[in-house]
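This report covers the overall fold of one protein chain and one of its pockets.

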Amino acid sequence: MALQLITTLAALFLAVTLTWPELLRTLGSALRWVLALSLVFELFVAVVVQHGVLPFFVDYGTNDVPNAFYWSRGLLLAGGPIEGIVANRNLLGFIALTAIIVFAVQLRAHTVKRNAGLVWLALAIGMLLLTRSATVTVSLVAVVAALLFALWARRVHDQHRRPLYAVAAASVLAVTAALALFSGQLFGLLGRSDDLTGRFDIWASVTHLALERPVFGWGWVSYWVPWVEPFNDLAVRKGVTYLQAHNAWLDVWLQLGIIGVILFAALVFSTLWRAWFLAVDRPRLGVKDTEPFAASALLPLLLLAALIAQSIAESRMLIESGWVILIVLAVVTKRQQHAPRPMP
């Protein structure tokens, strides 16, 4: 709980003290450091160490250690998957996806030098491919879809967007139907088993426990505490104890009940609502809305699309960088709505 509070305060500090251009520049710089250090780390492990690296302070008592425990498996030169300095390929993959969004926006907004921007964008794409993360691949599809619909909306008057919304709704229904009818084949294309690498079992356990206290939940702990009831042995697969529900919405339901899900949904979708209109409407800095579209106005929408898509298979929107991004976007979109400022 204390960690969640500290993370929230850090997010609020960033949102309040940084202007939009400063926030974009700061986010881009942080992502470059993470990607660069991850590449150096993986190169060192692959070339110098030449075998997987486990935490040096843990004695597992066996040579058959689950892959999830490795900081790096030294597979960079073999085409991955790689884990980087964050020691998790799904997390590194999402960081790479975030970097692709940010670097592309910076290039389009002309806030970075073109050649340098293209190099960093190529590195981010390469890192994303090397993580081989199926959950991030799904998030990438969601980002591309959000971008296409936003660009379509920019081309039509706000009173003539009903066909767009109809197509968007139909697309969501079609994707939902495809997942229901052809989940096995789709998961196979993503290199995942029919149960999404054990997630169905985790979701079943979480749902069973949540139904015992459906309205108010078991209490908020953020990261699960595996040595405390009822979180001990709640999600164990192949010797790995997981500290999340691998679904943000189930995680909120488990910990805060239906009341928490309603409040969380209100935060997420009100932010998404503001991000959508920030992305598709011309900035109104005066009486008339004749200002050109801002490239960076797409950033909140694309980041939220990635976060929401990932929230189906991961709970990272509730913790660490995922929570920081959500809170920052909630604040800056609200501020931009009531006090519009120029955006690059």
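The text below takes the chain as a whole and then turns to the second largest pocket.

**The chain**

The model is predicted. Its secondary structure comes to 10 helices and 2 strands. Read along the sequence, the order is α-α-α-α-α-α-α-β-β-α-α-α, with the two strands following the seventh helix.

The radius of gyration of the chain is 21 Å, which agrees with the value near 20 Å for a compact globule because that is what 344 residues would give. The C-alpha trace spans about 70 × 50 × 40 Å along its principal axes. Among contacts with a separation of 6 or more, 70% join residues 24 or more positions apart. Buried residues make up 42% of the 344 in the chain. The exposed area is about 18100 Å², and carbon and sulfur atoms supply 68% of it.

**The second largest pocket**

This pocket has a volume of about 1200 Å³. Of the 34 residues that line the second largest pocket, Ala68, Asn88, Val240, Tyr242 and Arg316 are the closest to its centre.

Four elements, α3 (89-109), α5 (134-154), α7 (199-210) and β2 (240-241), each give at least two residues to the lining. The largest share, 3 residues, comes from α3.

The classes of residue in the lining of the second largest pocket are as follows.

| Class | Lining of the second largest pocket |
|---|---|
| Nonpolar | 16 residues |
| Polar | 8 residues |
| Charged | 10 residues |

Notes: Residues are numbered from 1 along each chain as its sequence is written. This is a predicted model: local features need pLDDT of at least 70, side-chain atom pairs count only at pLDDT 80 or more; totals for chains, interfaces and linings use all residues. Side-chain values use heavy atoms; hydrogens and water are left out. On a 1 Å grid over the protein atoms alone, a cavity is a set of points where a 1.4 Å probe fits but cannot get out, and a pocket is an open set with protein on both sides within 12 Å along at least five of seven lines; lining residues have an atom within 4 Å of a point. Grid points are joined across faces, edges and corners, and a volume is the space filled by probe spheres set on the points. Ala, Val, Leu, Ile, Met, Phe, Trp, Tyr, Cys and Pro count as nonpolar, Asp, Glu, Lys and Arg as charged, and the others, Gly among them, as polar. The radius of gyration is taken over C-alpha atoms; the globule rule is 2.2 Å times the number of residues to the power 0.38. Buried means under 20% relative accessible area, exposed over 50%, partly exposed in between (1.4 Å probe, protein chains only). Contact means heavy atoms within 4.5 Å. Accessible areas come from the Shrake-Rupley method with a 1.4 Å probe; for residues, only the protein chains shown count as cover.
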